[in-house]
Amino acid sequence: MKILNPVCVLAWYDCFCASSNDSCVFWVCFMVSAKESRDAYLEYLNKIYSEGQVNVSSSGIASALNLGEVQVRKDIASVSSSGRPKVGYDVAKLIKDLEEF
């Protein structure tokens, strides 16, 4: 599945090839809503928090949710300012910020 550029914050187009061969000429896309995006972030963050993880990087979130790192940073920047270079985001604070969004 390939994620394309977003049309707004906390929403993106999820696209997949509808062709059965390798040279795809027809893409099927649908927009994932802001609520679904937020819920996906929250589900992942609550999971890692319950496992004892205190900080998380945007690249870690992106990898786990199959998103681009830039998209994750943009999404998080729209709801939280808790990120720190080389440390990442405080998971508990990020969960709180997303729940209040």
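Which side chains meet in a salt bridge with an N to O distance of 3.7 Å? In this predicted model, the side chains of lysine 96 and glutamate 100 form such a pair, with 3.7 Å from N to O. Both residues belong to helix α4, where four residues, or about one turn of the helix, lie between their positions. The two partners fall into separate classes of accessibility, because lysine 96, at 47% relative accessibility, counts as partly exposed, whereas glutamate 100, at 57%, counts as exposed. Side chains of opposite charge can pair when their charged atoms come close.

A further salt bridge in the model links aspartate 97 with lysine 93, and here the closest N and O atoms are 2.9 Å apart. Aspartate 97 and lysine 93 are separated by about one helical turn, because they stand four residues apart in helix α4. Aspartate 97 has a relative accessible area of 9% and is therefore buried, since the limit for that class is under 20%. Lysine 93, in contrast, is partly exposed, with a relative accessibility of 38%.

The burial of aspartate 97 is shared with other residues of helix α4, which spans residues 91-100, for Val91, Leu94, Ile95 and Leu98 are buried there as well. These buried residues lie on the same side of α4, because the arc that they cover around the axis is only 165 degrees. At the N-terminal end of the helix, aspartate 90 acts as a cap, with a side-chain oxygen placed 3.1 Å from the backbone nitrogen of alanine 92.

Outside helix α4, arginine 38 and aspartate 39 form a salt bridge in which the closest N and O atoms are 3.7 Å apart. Aspartate 39 is partly exposed, its relative accessible area being 29%. The count of salt bridges in the model comes to five, including the pairs of arginine 38 with aspartate 39, aspartate 97 with lysine 93, and lysine 96 with glutamate 100.

Helix α3, which covers residues 69-77, contains glutamine 71. The side chain of glutamine 71 is joined to that of aspartate 75 by a polar contact of 2.6 Å. With a relative accessibility of 11%, glutamine 71 counts as buried, because this value is under 20%.

The loops on either side of α3 hold several residues that can be described individually. In the loop between α2 (58-65) and α3 lies asparagine 66, which has a positive phi of about 60 degrees although it is not a glycine. Asparagine 66 counts as partly exposed, at 47% relative accessibility. The loop between α3 and β5 contains lysine 86, and this residue likewise has a positive phi, of about 65 degrees, without being a glycine. Lysine 86 has a relative accessible area of 89% and is therefore exposed, the limit for that class being over 50%.

Serine 78 is also found in the loop between α3 and β5 (89-90), and with 34% relative accessibility it counts as partly exposed. Although serine 78 and phenylalanine 101 are 23 residues apart along the chain, their C-alpha atoms are separated by 9.2 Å.

Conventions:
Residues numbered from 1 in each chain as written. Predicted model: local features only at pLDDT ≥ 70, side-chain atom pairs only at ≥ 80, totals over all residues. Heavy atoms only, no water. Helix = DSSP H or I, 4+ residues; strand = E, 2+ residues; numbered from the N terminus. Buried < 20%, exposed > 50% of the residue type's maximum accessible area, 1.4 Å probe, protein only. Arc of directions from axis to C-beta. Polar contact = N/O pair within 3.5 Å; in protein donor to acceptor, adjacent residues only side chain to side chain. Salt bridge = Lys/Arg side-chain N within 4 Å of Asp/Glu carboxyl O.
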